[in-house]
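This report examines one protein model, beginning with a single residue and moving outward to the whole chain.

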Amino acid sequence: MRVLHFYKTYQSESYGGIAQTIFQLCKCSSASGVESEVLTLSEAPEPAELMYHGHLVHRVKQDLQIASTGFSLSAIRRFAQLAEDFDLVHYHFPWPFMDLAHFVTRMNKPSVVTYHSDIVRYKVLLQLYRPLMHRFLSSVDAIVATSPNYLQTSSVLAGYKEKTQVIPIGLDKSSYPKPSEAVTEQWRQRIGGRFFLFVGAIRYYKGLHILLDAAHGTDYPIVIVGAGPIEKELKRHAAELGLNNVIFLGIVNDEDKVALLRQCYALVFPSHLRSEAFGISLLEGAMYGKPMISSEIGTGTSYINNHGETGLVVPPSDPAAFRAAMQQLWNNPDQAQAMGVRAQARYQKLFTARVMGESYATLYRDVLAMRGVTEQQVSLGA
């Protein structure tokens with residue numbers, strides 16, 4: 001079975017959560033008989049095609065970007081050409097240009113869309129986009145929500161529950177590097193063996209200003225890994241608060257990130273807006289057996305971090321509550337360790353890439369069968 005993933009960015013040159021999800025799907029679904037390829041936009045698409053960890057990535061020139069939405073005239077033509085050769089198209093929402101391409105090309109192949117997030121930030125533009133969005137969601141064969149929490153709290157998905165199922169995002173731990181002893185020791189010498197860790201893009205919805213306010217008046221070591229558009233603003237805020245216990249590391253390579261994940265005491269994830277639809281970095285913490293602190297925003301973060309079992313979940317935008325949660329874990333190492341063990345067990349049960357890949361392969365086959373495509377036709381590439 002051949003599946004084409006279509007999204008505005010991909011991990012070959014971008015490291016967002018959706019790109020990571022597509023990458024994991026491409027890798028893990030092959031075991032279930034799925035051959036995956038990706039069509040994406042690029043500011044410099046040379047070469048136009050490349051092999052990336054065993055699967056083909058097709059890249060077309062991005063012409064412009066408006067409100068985080070990439071546009072490309074050549075993508076419409078290339079999408080129409082590629083879709084003809086695949087059994088099924090897998091869309092990743094939100095990306096309004098994708099909806100437009102779907103209709104302009106009159107794409108009639110079986111289709112699945114993973115609904116990663118509501119559109120939260122651009123409320124005025126959303127009103128203009130809403131008719132196209134609902135027409136697109138009505139036209140696809142199946143919709144996937146990444147957590148039961150998001151399905152229950154999304155006003156958009158409420159209108160499509162009969163065609164929506166939940167498949168959580170999964171990660172393959174074996175695809176992560178194992179840090180050398182030299183790298184591990186380097187970080188141990190630099191930071192120490194007991195610290196809170198945040199990993200992620202430094203964006204408006206990550207709630208890092210809440211973490212900094214929570215750190216004020218404490219001496220808990222806090223390490224922040226990542227970069228983003230509000231990084232300078234946050235560093236300024238940390239300086240104004242006189243926070244000597246917060247370290248901004250910027251972007252680190254994968255080996256260093258894993259070393260920090262393995263060494264940290266607990267993972268902190270203060271995202272306070274629904275733009276944080278799942279939380280890949282939070283899941284990485286669970287994968288490495290770390291207790292977690294996150295905020296209740298009605299999304300997948302509270303599906304990964306089950307309050308009282310795998311960590312603590314506090315109200316959003318509440319520095320005092322976040323500080324109290326850090327204090328509770330810091331002062332109760334036995335409780336923190338037990339939560340970390342349960343977090344890892346929850347990852348193994350619900351969030352492995354293998355489980356995700358098998359679930360999507362089953363969905364693909366169900367959609368093809370619903371469209372009247374037989375196994376023989378699939379094997380022949382029909």
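Which backbone oxygen does the side chain of N245 reach at 3.4 Å? It is the backbone oxygen of T218.

## Basis of the model

The model is predicted: local features need pLDDT of at least 70, side-chain atom pairs count only at pLDDT 80 or more, and totals for chains, interfaces and linings use all residues. Residues are numbered from 1 along each chain as its sequence is written, and side-chain values use heavy atoms, leaving out hydrogens and water.

## Surroundings of N245

N245 lies in the loop between α8 (231-241) and β13 (246-250); helices (H or I, at least four residues) and strands (E, at least two) are DSSP runs, numbered from the N terminus. With a relative accessible area of 13%, N245 is buried (under 20% relative accessible area, 1.4 Å probe, protein chains only).

Besides T218, the side chain of N245 reaches the backbone oxygen of Y220, at 2.9 Å. Leaving aside residues up to four places away in sequence, N245 touches A215, T218, D219, Y220, P221 and I222 (heavy atoms within 4.5 Å).

## The whole protein

The protein has 15 helices and 16 strands. Its radius of gyration of 21 Å agrees with a compact globule of 382 residues, for which a value near 21 Å would be expected; the radius is taken over C-alpha atoms, and the globule rule is 2.2 Å times the number of residues to the power 0.38. The C-alpha atoms fill a box of roughly 60 × 40 × 40 Å along the principal axes.

Of the 382 residues, 55% count as buried.

Technical notes. Buried means under 20% relative accessible area, exposed over 50%, partly exposed in between (1.4 Å probe, protein chains only). A polar contact is a pair of N or O atoms within 3.5 Å; within protein, one must be able to donate a hydrogen and the other to accept it, and residues adjacent in sequence count only if both atoms are side-chain atoms.
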